[in-house]
Amino acid sequence: MVIYSVYVVNKAGGLIYQYDNYVPRAEVEKTFSYPLDLVLKHHDEKVVVSFGQRDGIRVGHAVLSINGVDVIGKNTSDGKDILEYLKDPSNYPVSIRFGRARLSSNEKLMLASMFHSLFAIGSQLSPEAGSSGIEMLETDVFKLHCFQTLTGIKFIVMADPRQSGIDALLRKIYEVYSDFALKNPFYSLEMPIRCELFDQNLKSALEVAEKAGNFGAGS
Amino acid sequence: MTVHNLYIFDRNGNCLYYNEWNRKKQAGISKEEEFKLMYGMLFSIRSFVSKMSPLDMKEGFLSFQTSKYRLHYYETPSGLKFVLNTDLSVTNARDTLQHIYNFLSLSSLCKNKIRFKTLYLFSNSVDSCVRQEYNLTQSGC
């Protein structure tokens, strides 16, 4: 059981802190001959698989490296377009490494503000009066837990669906935030948190929560 | 246990069916606008979840909960979207939604020759299906 990552979003929807605690590495490298039996396409400055799942390569996986050399966005290391490069039979056999694309810091900012508005809509569309926004969002591979403080700061933790004790963790993170970010004289409110003590204490809180989760302590 | 309301959307975002059983608060906008907002939220959640996920997903988005209600989501491979709002005591409504889908698609959609896009589902058959699943009485819950 693991905790994947932590996000802190200010009351305007801006991401002020993000920490990846555990990033699973699911990458597959495979050698292909011409023609390629996968359909690739450009998506968000990346080349992703759009059709043809096989040998652990899934739809949505991005091309990470070709012949052992990391790609740069949608271009190969020497600046050629990946799709053009793979169209040329003389480049085969070719070894391609696929995996889930890592989020860039810009994408993280975008996703944080996206959650900010989803949170608000979740509360507006409520069939019951006086509902909060989204507190927990569940998928088959992770659960996202969100705690909004009275001042509007959101603490978001993404964890394994079976991980327990997340409510306590969210309150602990709030405490760590109050103690180490807010009391830091160099920190201005609503701005990104760059504070070593906050980092350290957050990490130890995550470690404690991960250990406690294994015993199924009440959440 | 309370069921608040049920939305069924087709893959283009048209609301095929809406019914409410025990809804205490309206959204404060017209139904048309509410369907758009709901569909837009689901669409965004789907894209949000697929980007945020650290691993490859099979089912994707299943449900979310706030302090007062829980929204259950089920999407068929053909893009029909079922959204059921209940109170927090209902932990998993996937089977119910699948049941409604089976029941509906067989009984009224597939056998119907009218174009799917403009079809409004037969209200009373869905209503009785949900009432059966959750033992709702006529007066609400």
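## Reading helix packing, turns and buried sites in a predicted model

Modeller: In this predicted model, the axes of α2(A) and α1(B) come within 10 Å of one another and cross at roughly 145°.

Biologist: How should I read such a pair, and which handedness does the crossing of α2(A) and α1(B) have?

Modeller: As a general idea, two packed helices are described by the angle between their axes and by the distance between those axes. Here the crossing of α2(A) and α1(B) is left-handed. On the side of α2(A), the contact is made by A:Met110, A:Leu111, A:Met114, A:Phe115, A:Leu118, A:Ile121, A:Gly122 and A:Gln124, while α1(B) contributes B:Leu37, B:Met41, B:Ser44, B:Ile45, B:Ser47, B:Phe48, B:Lys51 and B:Met52. Sorted by class, this contact has 11 nonpolar, 4 polar and 1 charged residues.

Biologist: What span should helix α2 of chain A have, judged at 1.5 Å a residue?

Modeller: Helix α2 of chain A covers residues 105-124, and because each residue adds 1.5 Å, its 20 residues should span 28 Å. The C-alpha atoms at its ends are 29 Å apart, which agrees with that expectation.

Biologist: Which residues of α2(A) are buried?

Modeller: The buried residues of α2(A) include A:Leu111, A:Met114, A:Phe115, A:Leu118, A:Ile121 and A:Gly122, and these residues are also named in the contact with α1(B). Others that are buried in α2(A) are A:Glu107, A:Lys108, A:Ala112 and A:Phe119.

Biologist: Is B:Met52 buried or exposed, and what is B:Met52 in contact with?

Modeller: B:Met52 belongs to helix α1 of chain B, which runs over residues 31-52. With a relative accessible area of 7%, which is under the 20% cut-off, B:Met52 counts as buried. Leaving aside its neighbours within four places in sequence, B:Met52 is in contact with A:Tyr7, A:Leu103, A:Leu111, A:Phe142, A:Leu144 and A:Met158. B:Met52 and B:Asp87, by contrast, are 35 residues apart in sequence and 27 Å apart in space, C-alpha to C-alpha.

Biologist: How many residues separate A:Gly152 from A:Ala12 in sequence, and how far apart are they in space?

Modeller: A:Gly152 and A:Ala12 are separated by 140 residues in sequence, yet their C-alpha atoms are 8.5 Å apart in space. A:Gly152 sits in the loop between β10 (143-148) and β11 (154-159) of chain A, and A:Gly152 is buried, with a relative accessible area of 11%. Not counting residues up to four places away in sequence, A:Gly152 touches A:Val9, A:Asn10 and A:Lys11.

Biologist: Turning to the backbone, which peptide bonds are cis, and where is a positive phi found?

Modeller: In general, most residues other than glycine have a negative phi, and most peptide bonds are trans. In this model the bond from A:Tyr34 to A:Pro35 is cis, with omega near -10°, and A:Pro35 is found in the loop between β3 (27-32) and β4 (39-43) of chain A. The bond from A:Tyr92 to A:Pro93 is cis as well, with omega near -5°, and A:Pro93 lies in the loop between α1 (82-87) and β8 (94-99) of chain A. As for phi, A:Glu45 has a positive value of about 60° although it is not a glycine. A:Glu45 is found in the loop between β4 and β5 (46-51) of chain A, where A:Glu45 is exposed, with a relative accessible area of 56%. Phi of A:Glu190 is also positive, near 75°; A:Glu190 lies in the loop between α3 (166-181) and α4 (196-214) of chain A, and A:Glu190 is partly exposed, with a relative accessible area of 23%.

Technical notes. Residues are numbered from 1 along each chain as its sequence is written. Chains are lettered from A and ligands numbered from 1 in the order in which they are written. This is a predicted model: local features need pLDDT of at least 70, side-chain atom pairs count only at pLDDT 80 or more; totals for chains, interfaces and linings use all residues. Side-chain values use heavy atoms; hydrogens and water are left out. Helices (H or I, at least four residues) and strands (E, at least two) are DSSP runs, numbered from the N terminus. The expected span of a helix is 1.5 Å times one less than its number of residues. Buried means under 20% relative accessible area, exposed over 50%, partly exposed in between (1.4 Å probe, protein chains only). Contact means heavy atoms within 4.5 Å. Axes are lines fitted to C-alpha atoms, for helices over the stretch in contact, and angles run from 0 to 180 degrees between N-to-C directions. A crossing is left-handed if the near helix is turned anticlockwise from the far one by less than a right angle, and right-handed if clockwise. Ala, Val, Leu, Ile, Met, Phe, Trp, Tyr, Cys and Pro count as nonpolar, Asp, Glu, Lys and Arg as charged, and the others, Gly among them, as polar.
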